[in-house]
Amino acid sequence: MSNQKLKIIYSLRIHLALQNQGFVYLTEMKNPQNMRFNCWVYEATPELLAAFDTLLKEDQRDGR
């Protein structure tokens, strides 16, 4: 079994922003909390986590 750590992204906007930065998701699946929506699974690399944190900080600055 792999020791790979995963990060699940529930926001389409965050997912698209990560893709625009060159990150590639491992798989797409239905959101277990609401099956009408999808979520995306990424490998939780330090680079991805840093980009994710930056996006969240930008959201807080923009009042989202």
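**Exercise 1. The packing of α1**

Task: Find what the buried residues of α1 pack against in this predicted model, and decide how those residues are placed around the helix axis.

Solution:
- Start with the partners. The buried residues of α1 pack against β1 (6-9), β3 and α2 (46-62).
- List the residues themselves. They are Ile-14, His-15, Ala-17 and Leu-18.
- Check their directions. They cover an arc of only 165° around the axis, so they sit on the same side of α1.
- Recall the helix geometry. An α-helix has 3.6 residues a turn, so residues three or four places apart point the same way.

**Exercise 2. One residue of that helix**

Task: Is His-15 buried or exposed, and which residues does His-15 touch beyond four places in sequence?

Solution:
- Place it. His-15 belongs to helix α1, which spans residues 12-20.
- Apply the cut-off. Buried means under 20% relative accessible area. His-15 has 4%, so it is buried.
- Name the contacts. Setting aside residues up to four places away, His-15 touches Ile-9, Tyr-25, Trp-40 and Tyr-42.

**Exercise 3. Aromatic rings**

Task: Count the aromatic pairs, then classify the geometry of Tyr-25 and Tyr-42.

Solution:
- Count. There is one aromatic pair.
- Classify. The ring centres of Tyr-25 and Tyr-42 are 6.2 Å apart and the planes stand at 65°. Planes over 60 degrees apart count as edge-to-face. The pair is therefore edge-to-face.
- Locate the partners. Tyr-25 is in the loop between α1 and β2 (27-31), while Tyr-42 is in strand β3 (residues 34-43). They are 17 residues apart, and the pair links distant parts of the chain.
- Compare the exposure of each. Tyr-25 is partly exposed at 28% relative accessibility. Tyr-42 is buried, at 1%.

**Exercise 4. Two loop residues**

Task: Where do Phe-23 and Ala-44 lie, and which residues do Phe-23 and Ala-44 contact beyond four places in sequence?

Solution:
- Take Phe-23. Its place is the loop between α1 and β2. Its contacts outside the four-place window are Leu-18, Tyr-42, Glu-47, Leu-48 and Ala-51.
- Add a distance. The C-alpha atoms of Phe-23 and Ile-8 are 13 Å apart, with their positions 15 residues apart along the chain.
- Take Ala-44. It lies in the loop between β3 and α2. With neighbours within four places left aside, Ala-44 contacts Lys-5, Leu-6, Lys-7 and Leu-49.
- Add a distance here too. Ala-44 and Lys-7 are 37 residues apart along the chain, yet their C-alpha atoms are separated by 5.1 Å.

**Exercise 5. A surface patch**

Task: Which residues make the nonpolar surface patch, and where does Met-29 lie?

Solution:
- Name the members. Ile-8, Tyr-10 and Met-29 make a patch of about 260 Å².
- Place Met-29. It lies in strand β2.
- Judge its exposure. Met-29 has a relative accessible area of 32%, so it is partly exposed.

**Exercise 6. The whole chain**

Task: What pattern do the helices and strands follow along the sequence, and what share of the residues is buried?

Solution:
- Count the elements. The chain has two helices and three strands.
- Read the order. The pattern is β-α-β-β-α.
- Take the buried share. Of the 64 residues, 25% are buried.
- Look at the contacts. Among those between residues at least 6 apart in sequence, 56% join residues at least 24 apart.
- Finish with the surface. The accessible surface is about 4900 Å², and 52% of it belongs to carbon and sulfur atoms.

Terms used. Residues are numbered from 1 along each chain as its sequence is written. This is a predicted model: local features need pLDDT of at least 70, side-chain atom pairs count only at pLDDT 80 or more; totals for chains, interfaces and linings use all residues. Side-chain values use heavy atoms; hydrogens and water are left out. Helices (H or I, at least four residues) and strands (E, at least two) are DSSP runs, numbered from the N terminus. Buried means under 20% relative accessible area, exposed over 50%, partly exposed in between (1.4 Å probe, protein chains only). Contact means heavy atoms within 4.5 Å. Rings of Phe, Tyr and Trp (its six-membered ring) pair if their centres lie within 6.5 Å; planes under 30 degrees apart count as stacked, over 60 as edge-to-face and the rest as tilted. Patches are made of residues with over 30% relative accessible area and no salt bridge: like charges are joined within 9 Å, nonpolar side chains (Val, Leu, Ile, Met, Phe, Trp, Tyr) within 5 Å. Accessible areas come from the Shrake-Rupley method with a 1.4 Å probe; for residues, only the protein chains shown count as cover. A salt bridge is a side-chain nitrogen of Lys or Arg within 4 Å of a carboxyl oxygen of Asp or Glu. The arc is that of the directions from the helix axis to the C-beta atoms.
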